[in-house]
Amino acid sequence: MIGTTLLFGGGFQLNEHGARSMAQAGAFAARAYDASAVYFNPAGLAFQKQNSVYLGSTFISPEIDFYGPSNLGSNKKTSMKNQIFTPINAYVQYGITEDLHFGFGVYNPFGLGTEWDPMWDGRRISIKADLQTFYFSPTVAYKVNDQISIGVGVNIITGGVELRQEVASVPVGATPPIIDLELSGNNFGFNVGLLYKFSETVSFGASYRSGSKIEGTGTATFTPNYAALQLPNGEINGNLELPATAYAGVSMSPMENLEVEVDFQYVGWASYKELKVNFKADQSSTVLPKNYENTYIIRVGGEYSMDALKIRGGYLFDHSPVPQKYVDPVLPDADRDGWNVGFGYQLSENITIDAAYLFLKVRQNTVTNTETVFDGTYNSIANLFALNIGYSF
Amino acid sequence: MKNYFGVLLLITFFLVGCKDDAPSGIPGPGLGGVTVNKYISIGNSLTAGYQAGGLYEDGQIYSFPNLIAQQLKIAGAPLGKFEQPIWGNPGSPDISGKTARLEILAWPASGPVIGSSGATAGVATNSNLPRPYDNLGIPFAYISDFLDTADFVVKSVPLPKIFFLHVLRNKSYGNSVFDQARKVTPKADIVTFWLGNNDVLIFAIYGGTAVIGNTVIPTAPTPSATFAIQYGQAFDSLRSAFPNAKIIVGNIPDVRAIPHFTTVGPAVAASLEGAFAISYQKHGTTGAGDASSYLTEANAPLLPLGAGAYVAKIGQPSGQWYKDNSITLPAGIDTTQMFGLDYRNPIPDALILDSLEIAMAGAAVTSFNQTIVTVTAAKGAALVDIYSIFNGIKKNGLKIGGETFTADYLAGGLFSLDGIHPSSKGAGIVANEFIKTMNSKFGMNVPQVDISRLPGIPAPLGKYIVNSKSGLKRSYDSMQPFLKQ
C-alpha cells in the first residue's frame, strides 16, 4: 500500500570508521595498525605493540539537489533539507599475550538519512528516511608468526529505521495522511580477517564481514488517521537486509616515511532484493522491488611521516549498487568520487589526535523510467569531517 | 607545520560546495513557438469533468480541459480564466431534485455503502458569463449533438439532457456546440475534441435497454455507418471553422473494460459454486430466460454496478427491479419464483451485458475508433489513443510518482465512484496524455499535471489495495442501486 523505499544503499553504508583511515580514503585493510582494525581487519590487532583506546566521530553533511520530476516535464530544483549526521566510533585493543589480542569496537556501519519538504513533489515517495545501526564487536586476533595474523569477531547488531511519506488520496480540502513507519530489531553477525606481511615494506590484508538480516518490528502511525480510510495503524514487521562486505588490500612503503595502500572493497548488495513491510492491523503488506547489485569501492591512500606529524591523503571510487531504475529520493545514489586529506599529530607519548576531511562527490545522475515514476536529475555532494583521539598504554 | 595546515585549508575550501550546476538537457516549460491565445474543449461528460454520477464544482475544477489550460498557462500561454459551466456543489440533480453525486456514505465491515447524500442539488454559479464557455463538454452528448441545431431548450427536458441547457444556456451564443465554439474569442488555436463515447457507452450502461413509460425496449449502439458519416461531418465543420488550430482528438475507451462492468460480475461469478447457474434475459427479450441463457462460474458476466443491489436478491422471490423502475410485469415473468435461479424470474436484460451485447459494444468501439483514426489522419489532427492507454492501465496498472493506479473500482483510483468517469486523478492522467501528444506532435514543452496534488477517492487502503479483488467481493452486495435513468 505504501510506496516505501528502503534506505539502505551505497549512500547508507558508512565507511568512515576512524580519522586515520578515513584520511587515506579507507585504504587500511593491509595495515590496520590502530584499534579501528576491529572494523577494517581484525587480524591487524595482533601486530599492535601497545594497548590502546581510539575514540572519534565523523560529522557528515550531505547536500542533494533534485531537478524534476522530468517525467512531468518539470526541471524545478528542490534541495534536500540540511542535516548533520555524527556516527561514532570507539575501539579498544588489548594484548592478552604477545600473540593473542582482544579488541572491542562500537561503530555505525550503516546510517544516514534524507529529509525533504513535506509538501515537495516527491512526498508520495519520501518525506523523511532515517536509519541507524550500532555494531558491538568483541574480537580476538592471533599472531601466527611474525608475518601472519588472523582475527575473528562477533557483531552484535541493533538497527532501526524511520520512514515518513504521504499516503492515500483524499477529497478536495482534506489533509492527506502521512505515515510514519518505525522498525527496529537486533541480530548477530561475524567478521574475519587475515594480515600477511610479505616483507618489511609490503603487506597484504583481507577481511570479510557477514551480512545480516534484521527482523524488525515496530509501528505504523498515520496522521491524520481517517477512519474511513481504514488505515492499518499499529504493529508492523519487516526485514532489514544489511549486506556483507569484504576488503582486500596491499600496502607498501616505496620510500622511508611513506606508506601507500590500494584496497578493493566488495559489497554484497544483491541480498537487498525487495522491501516488505507487513501490517498487522489488516494482514496486508507492501512489497517493493529494489534489486540492488553487488558492487565495489576502490580505495587508494597513503601517509607521510614527519616525526610527530603525519600527513595523509587518498582517493576513492564508490560504484553505486542502485540500478538506475530504482534510484529514488530516499536514496538518490550514483557513482561517487571521494577526495580525502588529513593529518595525525602525536601530542604526547600516549596521546595522538587525527583529523580527516573527505569531499564526496556523487556524480550527476539523470534517471528516467524509474520504478517509482519520479524521474529527474540528482546533484549530490557530502562534506565529512572526522576527529579521533588515541590513547595508548 | 603551519604551512601544512595552510595547504589543507586551501584544499578544503577548494572542495567544499563545488556541486554540479543545474543539469542541461531538461528544457523548462515552453510553448515551442506555438501560439496559444485560446484553448477550447469540445466533448461529452469526460470533457465536462462529470464524476461520480454528477456534475459538480469540486469535480469540474479537475476536468481534464481545465487541467490542460492551467498547464498551458505555466508553459507561457496568455490564457485568461478557463471558463466552465460550473454547477455548484453538491452538483446536478437526480429525478427528485437531490444531488445525483455519489459518495461513500458509510463503510461498515460488510463493504462500502455508496449513494447520493440526499442533499438538495446545487445551482449553476457561472451562468451569467456573457459569452460561450471555453469548456463545451456536455454530459450525455452523442456525436450527432455536436451539429444539432435543434432547440436545445426543448431537448433538455428529459433529465440527462438538462446538461444541454446548462452548457449552451443562451441561444444568442449559438444553437449548437459547434456554433458556440466558433463564437469564442479570440479564435481558439488549440482545440481538444473528444466525442463519440456515448454512441456506445449509453447502450452498454443500460444493458442494451431503455425504459419507455412502463416497458423495456432493446437498444443498440449508433450504427457504424451513421457514426462514420456524423463524425466525418463534425470534423469537417470543426476543421473549416478552425483551419489553423491544433486539434487534439481522443478516441473511445473500451466500454467493456471500465469498472462499471467489471466489478459486480466477477464477484457474482466467484460466488457461484459449480452446478449453480444464473438465469438471465437475453438481449431484446423481456420474458422468461431459456435453456441457453445461463451464467456459470466459467462464464463471468459483465454486470453494471447498478446490478449490485439486485444480485443480493438472487435466490429470493423478488420483483424488486420491476418495482424500483415502475415496469409493468412482462408476460412470462413470475416474481414469486427465486430471482436469478428460476428461468421464470431471470436477471433482467437491463442488469446484464450478455454475450450478444458485449459483442455489439465491442464491434461498435472498434468501428468507431477506425473512423476516428481515418478522419483525424485525413484532417490533420493529433490523436490520443485513450483506448490503448486505458486498456494498458487495466492490464498492467499505472505507477506515477509513488502512486499506483488500476482499473479496479474504488481502490484503483483511476475511476470515480460511478465506475465510468475518471476521478480527478484519472482526469489528470487523461490531461497528461493529451499534453504528451501535444508536446510530441507540435514540438511544445507543456509540463504535465502533478497527479499527486489532485484529490482522490478516499478509498480504504490496506486490503483493498493489496488484494482489491477480495475487497470488492466482500463489498459488492451493499452497493446502492444507482445510475438509474
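This text walks through two residues and two helix pairs of a predicted model.

Start in chain A, at A:Gln147. This residue sits in a loop of chain A, between strand E6 (128-143) and strand E7 (148-166). Is A:Gln147 buried or exposed? The answer lies in between. Its relative accessibility is 32%, so A:Gln147 counts as partly exposed. The cut-offs explain this: buried means under 20% and exposed means over 50%.

Which residues does A:Gln147 touch beyond its neighbours within four places in sequence? They are A:Phe47, A:Leu195, A:Tyr196, A:Lys197 and A:Phe198. Take A:Lys197 from that list. A:Lys197 is 50 residues from A:Gln147 along the chain, yet their C-alpha atoms are separated by 4.7 Å.

Now move to chain B and another loop residue, B:Asn345. Its loop runs between helix H14 (320-324) and helix H15 (355-378) of chain B. B:Asn345 has a relative accessible area of 0%, so this residue is buried. Its side chain reaches a backbone oxygen, that of B:Gln337, at 3.1 Å. B:Gln337 is also among the contacts of B:Asn345 outside its neighbours within four places in sequence. The others are B:Ser318, B:Tyr322, B:Ile333, B:Asp334, B:Thr335, B:Met338, B:Phe339 and B:Gly340.

Helix H15 of chain B, which follows that loop, also pairs with a helix. Its partner is H9(B), residues 198-205. The two axes come within 9 Å and cross at roughly 170°. An angle over 145 degrees counts as roughly antiparallel, and H9(B) and H15(B) are therefore roughly antiparallel to each other. H9(B) contributes B:Asp199, B:Val200 and B:Phe203 to the contact. H15(B) contributes B:Glu357, B:Met360, B:Ala361, B:Ala364, B:Val365 and B:Phe368. By class, this contact has 7 nonpolar and 2 charged residues, and no polar ones.

The other helix pair joins H4(B), residues 64-74, and H17(B), residues 424-442. How do these two helices cross? Their axes come within 8 Å and cross at roughly 50°. That angle makes H4(B) oblique to H17(B). The crossing is right-handed. On the H4(B) side, the residues that meet H17(B) are B:Phe64, B:Leu67, B:Ile68, B:Gln71 and B:Leu72. On the H17(B) side are B:Ser424, B:Ala427, B:Gly428, B:Val430, B:Ala431, B:Phe434, B:Ile435 and B:Met438. The contact of H4(B) with H17(B) divides into 10 nonpolar and 3 polar residues, with no charged ones.

Key:
Residues are numbered from 1 along each chain as its sequence is written. Chains are lettered from A and ligands numbered from 1 in the order in which they are written. This is a predicted model: local features need pLDDT of at least 70, side-chain atom pairs count only at pLDDT 80 or more; totals for chains, interfaces and linings use all residues. Side-chain values use heavy atoms; hydrogens and water are left out. Helices (H or I, at least four residues) and strands (E, at least two) are DSSP runs, numbered from the N terminus. Buried means under 20% relative accessible area, exposed over 50%, partly exposed in between (1.4 Å probe, protein chains only). A polar contact is a pair of N or O atoms within 3.5 Å; within protein, one must be able to donate a hydrogen and the other to accept it, and residues adjacent in sequence count only if both atoms are side-chain atoms. Contact means heavy atoms within 4.5 Å. Axes are lines fitted to C-alpha atoms, for helices over the stretch in contact, and angles run from 0 to 180 degrees between N-to-C directions. Angles under 35 degrees count as roughly parallel, over 145 as roughly antiparallel, 65 to 115 as roughly perpendicular and the rest as oblique. A crossing is left-handed if the near helix is turned anticlockwise from the far one by less than a right angle, and right-handed if clockwise. Ala, Val, Leu, Ile, Met, Phe, Trp, Tyr, Cys and Pro count as nonpolar, Asp, Glu, Lys and Arg as charged, and the others, Gly among them, as polar.
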